[in-house]
Amino acid sequence: MDETVRAAISADLAESNGDPGQTVSRLARTKPWQPYLEASLGFRNHWYPAFFGHEIGEGEVKGEVVLGERIAFKRVDGRVYGFEDRCAHRGVRFSSRPECYTKNTITCWYHGFTYSVQTGKLETIITQPASPMKATLRTYPVEERNGLVFVFVGDAAPPPPLEHDLPAGFLKPGMVTRGVRRTVHCSWRLGAENGFDFTHIYIHRNDALIKARGRLMPFASQFTSDGRSTLQLVEAEDGPKGLYVHSTSEPPIFEVQIEGQTIRSPRAPLNDEPMPPRTVITSIWLPGALEVDNFPVPGTIQFEWYVALDERRHTYWEVLAREVANAEEERRFYEEVDDVWYNLSLTKGFNDSDVFAREQMDLPYGEEDFWHRERLFEPDLYIVQWRMLASRHNRGIQHRLGSAQ
Amino acid sequence: MDETVRAAISADLAESNGDPGQTVSRLARTKPWQPYLEASLGFRNHWYPAFFGHEIGEGEVKGEVVLGERIAFKRVDGRVYGFEDRCAHRGVRFSSRPECYTKNTITCWYHGFTYSVQTGKLETIITQPASPMKATLRTYPVEERNGLVFVFVGDAAPPPPLEHDLPAGFLKPGMVTRGVRRTVHCSWRLGAENGFDFTHIYIHRNDALIKARGRLMPFASQFTSDGRSTLQLVEAEDGPKGLYVHSTSEPPIFEVQIEGQTIRSPRAPLNDEPMPPRTVITSIWLPGALEVDNFPVPGTIQFEWYVALDERRHTYWEVLAREVANAEEERRFYEEVDDVWYNLSLTKGFNDSDVFAREQMDLPYGEEDFWHRERLFEPDLYIVQWRMLASRHNRGIQHRLGSAQ
Amino acid sequence: MDETVRAAISADLAESNGDPGQTVSRLARTKPWQPYLEASLGFRNHWYPAFFGHEIGEGEVKGEVVLGERIAFKRVDGRVYGFEDRCAHRGVRFSSRPECYTKNTITCWYHGFTYSVQTGKLETIITQPASPMKATLRTYPVEERNGLVFVFVGDAAPPPPLEHDLPAGFLKPGMVTRGVRRTVHCSWRLGAENGFDFTHIYIHRNDALIKARGRLMPFASQFTSDGRSTLQLVEAEDGPKGLYVHSTSEPPIFEVQIEGQTIRSPRAPLNDEPMPPRTVITSIWLPGALEVDNFPVPGTIQFEWYVALDERRHTYWEVLAREVANAEEERRFYEEVDDVWYNLSLTKGFNDSDVFAREQMDLPYGEEDFWHRERLFEPDLYIVQWRMLASRHNRGIQHRLGSAQ
């Protein structure tokens, strides 16, 4: 663990006499994550996944909304280019009826305004070729990596490296991916916080995936008394910014007392049944991505992204990844995802419990000011640390077109 | 009739030289019912029906929205307890996935926050039992009476007696009830005013129920010239506050002149056909309830409540009640409601005409400022008196969570 | 062409050294069409089509929303009368349950308020005939012409002649019409501008109607270098105000260069295939109507109206008209419209391409401020001239009920 971070957290804790509950309470009062509160449309000047690479073939065009911006994409000679999905003339979307007369251009279906997809420059107007009109569309840096197409939403030129905005594990060589994405009706931040939530495993205790992973299942993990041993911040200047939570050696919570009764998890250990070793490691990364190592099975990583669509909806990405040695392993991985993980973990299983929880937070946070009324408890120290990390390292706040930047 | 009230109305009329039309016009100009105009979410510090008692069994939990507040209920040892349907931690609803480990507690499905349903006190957190966190949910006084579960929405502690917020007839001994409730798309006040509307019987003249009650049906009753003989205010300090309209001896209106033609009700008396005696008595009560005695048949009372769900929707309650002497009479009453009144009067018949009328007022009152643009006529003196009574005796105005009180 | 207009446009062009592109740019900057920008609900004090005459029989009542105003209509002795579709008492719509006891009256279904449809005067109240209450509904001038019922939305009394608000060609004697209307989800102005758009023919190049009209089809017409020869303003004081675009003798555009490649219309002329003579003439008229002569076939006129329903929706009228000499020709015209033009041109064909284009402009103009961000090009000089004409000659701006006039 980085010494500066350790020092910072220690200082936090010291001010509260070492009590993480007091730390959370104190931080919640002073809210040293104001930028995070303002980022309802996400953080500007970062890379975000826009779609899966297989969704767009050579010469094809598609449109997406990322952080509230309309962006069109075209694949040319294998490479994907991104540009404003809005004709300069009267503002319509190219992608609603894509027209391409030549390889490197997009033509607006309305009046034939034809632009270079690489430069955004207006090349000609089919309905009035003699026009001297000049116009240039905003273009977007695009990179395709491990099957995902990433777009840079921002103004920095050149943009920072994509690698600085990826979960650390995503850059391992030889990795292949397979996944899905869907729209979830709540702020992207609520998606991210649920994903990284130390104790939210409680909502999964009856999911088929959990049962499939073994008989034992605690209510939750024990939060360590000083909050330090399991937290690892990654803040090196020339790399991604993130936060790991490692498992601790504390025994997990299998029973509690309520009204003087002992309530025991139905999947608590019997006799001297041993706990399996813990292997899952969770980390969260700017600008809003999750990495869960050894999940849903050892040797596999689940990546997630939470990308603002608008202020109260986000695109939720669930991507499984594995290092493969050859084409046969790759094929088997795809089969395994389709046959097993798709139903058990992704769209119909485990992650549906998360989507339920996230969308339930839309009412209090979207309408009832819970960003200020929430009452956090000790394990939320990790969420608080994520909010602070995001507030320290984000490169800007995204705003609506036309509103003040 | 209470002498003070008689004096007040006489004074009203005197200022207008005894002309009730002028009285209504004058009152409409000065609007001595400002609190009523502000109560788009209802009156605070009153008792409201939340659901029928049979909807919740022992140990069961349900959530309702009353006056814009999210309230959860749990029945323990036969008694219903009410508490905020919103976990203090991250604001989600308990009732969206109720979890109960012990008799007197509710557990949040998200992180296991477990509260006493009687005190609202946070008892333990299943995912972190060692947490010293303290929190208390708002609790709501609840009383069950005649098959309905009432909740007190307000801050007074202890709350005023439920009996002060019930229609006078609801407290008769030996009464049993049966009814329905549904959401109506307009302000609760428009529901109440339609229910108490002296001349709105006009909209019912073709309803099957009216035909079933007898051949004769006037266009409306005659409003008496001084507006006094039929009005009775109930404003004793230690009881419910309401307003009765009694039938008068004036002949009802069976014909009118339009363009010099005589327009006669198709159900006007023939030859010397005698009018049946009038028995229906209508009254309206704070915080928004109607009592119609001898309706739909003599010996039965129809109660209605109009409970704000939000600013432009309310929960409409239709409850039939009868005094019964024994279990056999009780059983026959339920059968009669199910077989006859359900279709003829409640959801598919008579009251559908009222719902239509109420929802038609949503546009002018909800969007076009008809609270100030309406043009009332003489019989609306009763509605005006209701508005004034409600403005005099309400115990507060309900506001949205987070908005200024 | 009117000399004043020619002079005005010449002056426009002179300021830009004769360059129409510079003219458009300069006008776009200074926006001499501010009234047009404010008219999101349309122009007040004009005549608009409300419905087709055949939609309302003798004694029947119907309600429509025109420029955001609720208007009811009743046909009496063949003539249609218009009045506020809102009872003075509690604001409900007469047309939601029309009741008529006598020929010249409308009765409110709620409390029997009965008004003269000619004067709007409250004649009697069925539920309280003795009431001395006085009230008068707003009435609307109505005229029926060529199968359409027009209503005057405004305050001028008497209103200006209907003829001043009709496309010039609509007044030809002996004309019969047949058409449809539908709701389109964008500002009425975007409907009008698409209809009059000089180069939007590009979106129609694959429509079945275009193919049926002949093999040849350019990308667009050539905009003449000085923008003058094809433009004709009609601004005589005692007649309709409009703007014609006549065809030019410039050769149409059949090919363009993109990325050094020649892109040729698939329906460019082969060998020395001659172009057919151009006969279509398009004009646009206050308060928002289009006339397309010799369309879809010579001898037929297509009229269109774009009537604001609310700020972001309008009623789109498509009306075909032809002069007929006798009943047999009239019958054959109706058959032709039903058998051929209904599917090829109106609801399922050609005009669907227009509706698509118009609704695509709703996002940029309705939400992204494209009224100020648009980038017009030379051929938009005609649209600019329409905006300026509308701004010069409109008789007022329509506002919402209750908002400042």
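Here a biologist quizzes a modeller about a predicted model and the terms used for it.

Biologist: What are the ground rules for this model?

Modeller: It's predicted, so local features need pLDDT of at least 70 and side-chain atom pairs count only at pLDDT 80 or more, while totals for chains, interfaces and linings use all residues. Residues are numbered from 1 along each chain as its sequence is written, chains are lettered from A and ligands numbered from 1 in the order in which they are written, and side-chain values use heavy atoms, with hydrogens and water left out.

Biologist: Why are chain A and chain C said to be related as by a three-fold rotation axis?

Modeller: Two copies of a chain are related by a rotation about an axis and a shift along it. Copies are superposed by least squares on the C-alpha atoms of residues with pLDDT of at least 70 in both. Chain A lands on chain C after a rotation of 120° with 0.0 Å of shift along the axis, RMSD 0.0 Å. The two copies are therefore related as by a three-fold rotation axis. Within chain A, E367(A) has the C-alpha nearest that axis, at 13 Å.

Biologist: What turn and shift lay chain B on chain C?

Modeller: A turn of 120° and a shift of 0.0 Å along the axis, with an RMSD of 0.0 Å. For chain B the C-alpha nearest the axis belongs to E367(B), 13 Å from it.

Biologist: What makes residues of chain B and chain C count as in contact, and how many do?

Modeller: Contact means heavy atoms within 4.5 Å. On that rule 40 residues of chain B touch 38 of chain C. The buried area (accessible area, 1.4 Å probe, that two parts lose on being put together, summed over both) is about 3,200 Å² here, and carbon and sulfur atoms give 56% of it. Y202(B), R375(B) and F377(B) supply 21% of what chain B buries against chain C, more than any other three residues.

Biologist: Why is the pair R86(C) and E368(B) called a salt bridge?

Modeller: The rule wants a side-chain nitrogen of Lys or Arg within 4 Å of a carboxyl oxygen of Asp or Glu. Their side chains meet at 3.0 Å, N to O, so the pair passes. Five salt bridges are found across the interface of chain B and chain C. By class, the side of chain B that touches chain C has 21 nonpolar, eight polar and 11 charged residues. For those classes, Ala, Val, Leu, Ile, Met, Phe, Trp, Tyr, Cys and Pro are nonpolar, Asp, Glu, Lys and Arg charged, and the others, Gly among them, polar.

Biologist: And what about chain A against chain C: how many residues are in contact?

Modeller: There, 38 residues of chain A meet 40 of chain C, burying about 3,200 Å², 56% of it on carbon and sulfur atoms. R90(A), Y110(A) and Q128(A) supply 24% of the area chain A buries against chain C, more than any other three residues. The count is five salt bridges, and R90(A) pairs with E193(C) in a salt bridge, closest N and O atoms 2.5 Å apart. Strand 5 (105–107), strand 6 (113–116) and strand 7 (122–125) of chain A each give two or more residues to this side; strands (E, at least two residues) and helices (H or I, at least four) are DSSP runs, numbered from the N terminus.

Biologist: Why is the pair F377(B) and F113(C) called edge-to-face?

Modeller: Rings of Phe, Tyr and Trp (its six-membered ring) pair if their centres lie within 6.5 Å; planes under 30 degrees apart are stacked, over 60 edge-to-face, the rest tilted. Over all chains that gives 84 aromatic pairs. In this one the centres are 4.9 Å apart and the planes at 70°, so it's edge-to-face. F377(B) sits in the loop between helix 9 and helix 10 of chain B and F113(C) in strand 6 of chain C, so the pair joins two chains.

Biologist: What stands out about the backbone of chain A at P287(A), P296(A) and N146(A)?

Modeller: Most residues other than glycine have a negative phi, and most peptide bonds are trans. Yet L286(A) and P287(A) are joined by a cis peptide bond, omega about 5°, and so are F295(A) and P296(A), omega about 0°. N146(A), not a glycine, has a positive phi of about 55°, and lies in the loop between strand 9 (142–145) and strand 10 (148–153) of chain A.
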